Amino acid sequence: MDERGWWRRGVVYQIYPRSFQDTDGDGIGDLPGIERRLDHVAELGVDAIWISPFYPSPMADFGYDVADYCGVDPIFGTLQDFDRLLGAAHARGLKVIVDFVPNHTSEAHPWFVESRASRESRRRDWYVWRDPAPDGGPPNNWLSVFGGGAWELDPATGQYFLHSYLKQQPDLNWRNPEVEAAVFEALRFWLDRGVDGFRMDVLWMLVKDEQFRDNPRNPDWRPGMLPHLRFDPVFSTDRPETMGIVRRMRALLDSYAGERVLIGEIYLPIRRLVAYYGEASDGCHMPFNFKLIQARWDAGEIDALVRRYEGALQGAWPNWVLGNHDNPRLASRIGPQAARAAAVLLLTLRGTPTLYYGDELGMENVPIPPERAVDPWERNEPGMGLGRDPERTPMPWDDGPNRGFTDGEPWLPPGPAAVNVAAQADEPGSMLTLYRRLLALRRAEPALHEGDWVPLGVQGEVLLYARQAPDAARFAVAVNFGDGPARVEHEALRGTMAVTTTPGREGEAVEGVLTLEANGAAVVRCG
Ligand code: TEU
């Protein structure tokens, strides 16, 4: 494969390292575990792995509270383990993207320890400190994503510090150029080791309003929506100055040989999301597009969404995500059968797909009894369904007591024994087989990995579109969002069935008419 543009043609696979494979019996996955399971990833047919944080951390937010940007937490292994994993991945043609958390550190990071020590500290201004309001309360009305206010009083120095997430995760002050220099040095540490890119955590929140104005009330907020969105975070997120930082990050990556990819974790409406590509394509290679996670599973709604997103791109390269470690499992959100159709959708839309570990098995949320809940979001705001433990459970490799994940006591309970890699590996009708076929087809066919997306409309509950590239086979895709069988007719549906959610139909001739099972989907090779 030609290296240039690998991130456009490629497919990204997210690994939550605590939950992939444990090798030392502590019940928590580790870097040697990922290395041991690389063959699964390579055989699946993806092109890159993104590993959620493995840095030294008190684990208040399971690694998204970083105490040292240039190390590996002993729970996960050592720097040598990382280098070995990187080498082993590269030897299999897999790129490695590491997670990076620039918005905040852990309270245990030496920078914060020093910043907190006194108002005169050399690093005081590396974090966001403010005097109390005249009544002694917090400086403004900003809220933490994880519940409650975003300000914590430090009694020793009499000021509040900002934490957009947990109070154990103080926000860095990106208006201070020393912070940028120090973080960029950490990025270089990983680039020099040979990583192929970064997934940048909460990239849209780096810069805060210079005047610290109150956020306005959100008129659209209703009970049941995320509690912190009661106020519209216009002054605490997505500030115009952020793009300058993103562009400089991109320039840093571009100064390295090979294409090192910048992926931004950004939850914003489409219009604002695409701004993070940069006006001159000098921003993120991929501002993560989570719209499929948020959309209703409905043909008309998805059709409109894809058109709106495609229309907003202005030449930039799209990307799609169906699941991650912060959202309920796909198969639990839309049902196990629809999850098969969703796999077809994700892997035949135009743009780089990102898969979440275990979705290739149809893994579902695992119910977590309250006494086993460990996610801080669940603990802060219990019973609201905000907890993320259910989608972070151990990867099931076989039907053994701990699914082959650990010899010890797993940090979260595993799901049902029937769902596992070994059971699905040679099963023609399994989710794993469907994913492997889709990924192989996508990799082999230019129309699918780089071609145009041509909408063919919605018929009843069936979404139709085509993919085409010059001098390459053309494909038509039909996805049935309905709970009953469907029949569609379209001139473009002529050829042979390449991949379907119904095992055994591959190779079937299609002559302008297609029948689909309930929640079924088909990819037709046209002529
Ligand atoms: O998540 C950012 C974030 O804002 C999400 O929690 C988002 O609000 C939610 O998923 C919307 O559905 C990132 C990490 O992915 C998450 O695991 C961390 O806890 C968080 O940042 C703090 O670092």
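In this predicted model, the axes of helix H12, which spans residues 336-348, and helix H15, which spans residues 431-444, come within 10 Å and cross at roughly 15°. Since angles under 35 degrees count as roughly parallel, H12 and H15 are therefore roughly parallel to each other. The crossing in which H12 passes H15 is right-handed.

On the H12 side, the contact is made by Ala339, Arg340, Ala343, Val344, Leu346, Leu347 and Thr348, while H15 contributes Met431, Leu434, Tyr435, Leu438, Leu439 and Arg442. Sorted by class, this contact of H12 with H15 has 10 nonpolar residues, 1 polar residue and 2 charged residues.

From this pair of helices we can turn to the nonpolar cores. The largest nonpolar core has 151 residues, and those with the most contacts inside it are Tyr13, Phe54, Phe82, Trp174, Phe198, Met249 and Leu355. Helix H12 appears here again, for the largest share of this core, 9 residues, comes from H12. Apart from this core lies another one, of 17 residues, which includes Val462, Val488, Ala492 and Met497.

A single charged residue can be followed last. Glu310 lies in helix H10, which covers residues 299-312. Is Glu310 buried or exposed? The term buried is used for residues under 20% relative accessible area, and because Glu310 has 19% relative accessibility, Glu310 counts as buried. When residues up to four places away in sequence are not counted, Glu310 touches Pro318, Arg350 and Trp453.

Definitions and conventions:
Residues are numbered from 1 along each chain as its sequence is written. This is a predicted model: local features need pLDDT of at least 70, side-chain atom pairs count only at pLDDT 80 or more; totals for chains, interfaces and linings use all residues. Side-chain values use heavy atoms; hydrogens and water are left out. Axes are lines fitted to C-alpha atoms, for helices over the stretch in contact, and angles run from 0 to 180 degrees between N-to-C directions. Helices (H or I, at least four residues) and strands (E, at least two) are DSSP runs, numbered from the N terminus. Angles under 35 degrees count as roughly parallel, over 145 as roughly antiparallel, 65 to 115 as roughly perpendicular and the rest as oblique. A crossing is left-handed if the near helix is turned anticlockwise from the far one by less than a right angle, and right-handed if clockwise. Contact means heavy atoms within 4.5 Å. Ala, Val, Leu, Ile, Met, Phe, Trp, Tyr, Cys and Pro count as nonpolar, Asp, Glu, Lys and Arg as charged, and the others, Gly among them, as polar. A nonpolar core is a set of buried Ala, Val, Leu, Ile, Met, Phe, Trp, Tyr and Cys residues joined through side-chain atoms within 4.5 Å. Buried means under 20% relative accessible area, exposed over 50%, partly exposed in between (1.4 Å probe, protein chains only).
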